Amino acid sequence: MTYAEIYRSGREALEAAGIGEAELDARLLLETVCHTTRNDLLVHGDREVTEEQEKQYRGWIARRASHVPLQHITGVQEFMGLEFLVDENVLIPRQDTEILVEEVLRELTDGSRILDLCTGSGCILLSLLHYSNDCVGVGSDISEEALCVARKNAERLGIRADFLCGDLFERVGGRYDFIVSNPPYIASGEIRKLMEEVRLHEPLSALDGHEDGLFFYRRIIGECPDYLVRGGSLYLEIGWDQGGAVKALMEEAGFHEVRVTKDYAGLDRVVSGVWF
């Protein structure tokens, strides 16, 4: 079977399964199996694939057709220009979260101490450390399985960071110049409405923000002054409709210069403030 023919069969199988980005996913899976690029489909579509490649590709297409996330099949996801390992124990890094990293990088100075709560794959902390100089980074997560992924990512990227297993600040000591977090923020009642790929395959503990979605914001905002230096900053990723509520929580707690930053779609994405 040729490269183009097996791609078409994969695309059609995903379309029949109702996969929204069937064309893209079929191509990306084939490129991963065959170690090729997008140009190969255009220029070398008539070349034959091996039996082993065909078998692996059809197996991957079947998994994707059953709504297993693409990134859980390939095992990786790009974020901030870096490649991160992912599995069912961590949230898949999303482009929206790059807004959080970019906002912190605007203020980050060399030698800063950074604490990343709910670190998951470590993508936020490791990106900040990669694009800065001489910063010290600590990531905290309640899931030891997630931290195993984070540690592997740090090793692959050649970045030194400490990862602690605990509930938010439970194992954290010292004070930091920046505290960042993308905590669980989906209201419990909304979980059932999520896409099947998210609802069934990503960790519930990284999604569920309890009754109103603000549970972890209240905890982080209330506890973080004990872990911030004077003039230190808190940066939080939020859901699209949570900007006003989280901003109010930070202002009530005594944070200054609280602002809401929008993502590229014009939706509220990050709330930040300074502690004096």
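Which residue forms a salt bridge with Arg-269, and how far apart are the closest N and O atoms? The partner is Asp-96, and the closest N and O atoms are 3.5 Å apart. The views below come from a predicted model.

**View 1. The salt bridge between Arg-269 and Asp-96.** Arg-269 belongs to strand 9 (residues 268–275) and Asp-96 to helix 6 (residues 95–107), so their salt bridge ties together parts that are 173 residues apart in sequence. Arg-269 is buried, at 7% relative accessibility. Asp-96 has a relative accessible area of 34% and is partly exposed. The model has 19 salt bridges in total.

**View 2. The salt bridge between Lys-262 and Asp-268, with a network of other charged residues.** The closest N and O atoms of Lys-262 and Asp-268 are 2.8 Å apart. Lys-262 is partly exposed at 48% relative accessibility. Asp-268 counts as buried because its relative accessibility, 19%, is under the 20% cut-off. Elsewhere, salt bridges with shared partners join Asp-96, Glu-237, Asp-263 and Arg-269 into one network.

**View 3. The salt bridge between Asp-167 and Arg-219.** In this pair the closest N and O atoms lie 3.1 Å apart. Asp-167 sits in the loop between strand 5 and strand 6 (176–181), while Arg-219 is in helix 10 (residues 215–223), so the salt bridge ties together parts that are 52 residues apart in sequence. Both ends are partly exposed: Asp-167 has a relative accessible area of 28%, and Arg-219 has one of 21%.

**View 4. The open sheet.** Seven strands make up an open sheet with mixed pairing, in the order 5-4-3-6-7-9-8. Which strands stand at the edges of the sheet? They are strand 5 and strand 8 (256–262); each has a single partner strand, so one side of each is left without a neighbour in the sheet. On average, neighbouring strands are turned by 15° against each other, direction ignored.

**View 5. The strand 5 edge and its crossover.** Strand 4 (residues 136–141) and strand 5 (residues 162–165) are parallel and pair over 4 bridges. Ser-140 has Leu-164, in strand 5, as its bridge partner. Between the two strands the chain passes through helix 8 (residues 144–157), and this β-α-β crossover is right-handed.

**View 6. The strand 8 edge and the helices on the sheet.** Strand 8 and strand 9 run antiparallel and are joined by 5 bridges. Thr-261 has Val-270, in strand 9, as its bridge partner. Helix 11 (residues 243–252) packs on the sheet and touches strand 7, strand 8 and strand 9; its direction makes about 5° with that of strand 9. Helix 10 lies across strand 3, strand 6 and strand 7 (228–237) and runs at about 170° to strand 7.

**View 7. Helix 2 and its surroundings.** Helix 2 (residues 22–34) has 13 residues, which at 1.5 Å a residue should span 18 Å; its end C-alpha atoms are 18 Å apart, so the two values agree. Which residues of helix 2 are buried? They are Ala-22, Asp-25, Ala-26, Arg-27, Leu-29, Leu-30, Glu-31, Val-33 and Cys-34. An α-helix has 3.6 residues a turn, so residues three or four places apart point the same way. The cover over the buried residues of helix 2 includes helix 1 (3–16), helix 3 (38–43), helix 4 (51–65) and helix 5 (70–74). His-35, just after helix 2, takes a positive phi of about 55°.

**View 8. Positive phi at two loop residues, Met-80 and Cys-118.** Met-80 is not a glycine, yet has a positive phi of about 55°. Met-80 lies in the loop between strand 1 (76–79) and strand 2 (82–85), and is buried at 14% relative accessibility. Cys-118, also not a glycine, has a positive phi of about 60°. Cys-118 lies in the loop between strand 3 (113–117) and helix 7 (123–130). Is Cys-118 buried or partly exposed? Cys-118 is partly exposed, with a relative accessible area of 22%.

Key
Residues numbered from 1 in each chain as written. Predicted model: local features only at pLDDT ≥ 70, side-chain atom pairs only at ≥ 80, totals over all residues. Heavy atoms only, no water. Pairing = 2+ DSSP bridges. Right-handed = clockwise from strand over helix to strand, strands pointing away. Salt bridge = Lys/Arg side-chain N within 4 Å of Asp/Glu carboxyl O. Buried < 20%, exposed > 50% of the residue type's maximum accessible area, 1.4 Å probe, protein only. Axes fitted to C-alpha atoms, helices over the stretch in contact; angles between N-to-C directions. Contact = heavy atoms within 4.5 Å. Expected span 1.5 Å × (residues − 1).
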